[in-house]
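Here's a quick tour for anyone about to load this one into a viewer. Have a look at the model first, then read on.

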Amino acid sequence: MQTSTKRLVIGGLILLGIACVAVSVLYFSRSADALPAFVPGHEAGVTRHHTKHGLAMLGLAVVCWAGAWMASGTGRPGRAR
Amino acid sequence: MSDQLTYLQACTIGLLQGVTELFPISSLGHSVLVPALIGGSWRQVLAQQHQSESPYLAFLVGLHVATALVLLFHFRSTWARVVTGGLTSLRDRRIETPDQRLCWLLIAVTIPVGVIGLALEHTLRTAFARPTSAALFLTVNGVLLLTGERLRRRAAAKVLETEPSVPSSTTVDRRSRDLETLELREGVAIGFGQALALLPGLSRSGVTMVAGLLRGLDHEDAARFSFLAATPIILAAGVYKLPDLFGSLGNGIRGQILAGSVCSAIAAYGAVRFLEKIFRTQTLTPFAIYSLVVGGGCLIRFGLFG
């Protein structure tokens, strides 16, 4: 991978991870009816929090950062066999 | 709920779930079609699938966790290698060994279907968990399996045409890829494909196997890949809803849940052993024919006669 592409991938994954954390905070802090309409889980009149959605988004953030960590390595991903 | 879900129903649905979760014939589709076909109190079981919260969903959680635990147990040595591979890969920041590659491949497969499932599972389940649509999608599943087999055979024939001098045993080896050689982007594509299985009637394992075959895997490896990819998804779906099982939704039906889960585990173990054995020599065609016949039959039954 070229250095510029590599930086782009790493930066993109870090930003995506941060976005996931932001969405998870939204799930933890707002009830289902207070979520923006475009966010999955929005349900008018439902007052419970989508805690599990929040946990899933945190998991996704961890995967994004793990991906960034891997991409920042010096080793090239090689074929197994 | 305990008045509605009997032990007989729990065990029957458990056995059905264990088999159909791993066979490429859609467990979700069968959980809609079978109660609708039997009728009577079984129909009430079906009706609960449309609700956002029902004791029946807590029951399904138990079945899913049981199936996932069986898969984990059966492939325990593979999973141990995959987890070790993932950790060493993170430590070295390299993907070199087959186990490291398989670990990242499974992550790549799981993310798309996990995210789409989280966003759309409830909407799709409530919209399509009806006998007519399940029958239609089961028929489509049959077409998908047949098409996959046909394309795979055509690709194999091309190899024979271009390399006629290669001995047949070598040709078989050359036209099949090892599971661990799949690219991560191919894994992501397969993950998106698996999301189709959120539609009752389309089989997740069927989609994964067909995608694996089209990417050059043989039937045995495609099935193995399907089972490995299924484990985190089924387990996550189960664990995700686990609070429902131990919460008020599970009150009064925990005995039925236990009985159904044991039946599901036994059936899933039998199914995985059976499929591993038959995919050494057989293709997806028998499952395609089953899907077409049952799907088509149910389509006539529910489409014409309501």
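What follows is a walk through chain B, from its overall build down to a helix and a residue, ending with its contact to chain A.

Keep in mind that this is a predicted model.

**Overall build**

Chain B is a helical affair: it has 14 helices and zero strands. Read along the sequence, that gives the pattern α-α-α-α-α-α-α-α-α-α-α-α-α-α. Its radius of gyration comes out at 20 Å, close to the 19 Å the globule rule gives for 306 residues, so chain B is as compact as a globular protein of that length. Along the principal axes, the C-alpha atoms fill a box of roughly 65 × 50 × 30 Å.

As for packing, buried residues account for 47% of the 306 residues in chain B. If you take the contacts in chain B between residues at least 6 apart in sequence, 79% of them join residues at least 24 apart.

**Helix H11**

Helix H11 of chain B covers residues 219-240. At 1.5 Å a residue, its 22 residues should span 32 Å, and the end C-alpha atoms sit 31 Å apart, which agrees. That said, H11(B) has a kink of about 30° at Ala230(B), shortly before the proline Pro232(B). The helix is mostly covered, with 16 of its 22 residues buried.

**Ala134(B)**

Is Ala134(B) buried or exposed? With 20 or more C-beta neighbours as the cut-off for buried, Ala134(B) counts as buried because it has 29 of them inside 10 Å. This residue lies in helix H7 of chain B, residues 131-162. Leaving out residues up to four places away in sequence, Ala134(B) touches Gly29(B), Val32(B), Leu33(B), Pro200(B) and Gly201(B). Thr110(B) is another story: it is 24 residues from Ala134(B) along the chain, and their C-alpha atoms are separated by 24 Å.

**Where chain B meets chain A**

The contact draws 18 residues from chain B and 17 residues from chain A. On the chain B side, helix H5 (76-92) and helix H6 (98-128) each supply at least two residues. H6(B) gives the most to that side, with seven residues. By residue class, the chain B side that touches chain A splits like this:

| Class on the chain B side | Count |
|---|---|
| Nonpolar | nine residues |
| Polar | two residues |
| Charged | seven residues |

Technical notes
Residues numbered from 1 in each chain as written. Chains lettered and ligands numbered in written order. Predicted model: local features only at pLDDT ≥ 70, side-chain atom pairs only at ≥ 80, totals over all residues. Contact = placed C-beta atoms within 7 Å. Helix = DSSP H or I, 4+ residues; strand = E, 2+ residues; numbered from the N terminus. Nonpolar A, V, L, I, M, F, W, Y, C, P; charged D, E, K, R; others polar. Rg over C-alpha atoms; globule rule 2.2 N^0.38 Å. Buried ≥ 20, exposed ≤ 12 C-beta atoms within 10 Å, placed from the backbone. Expected span 1.5 Å × (residues − 1). Bend = angle between axes of the 7 residues up to and from the residue.
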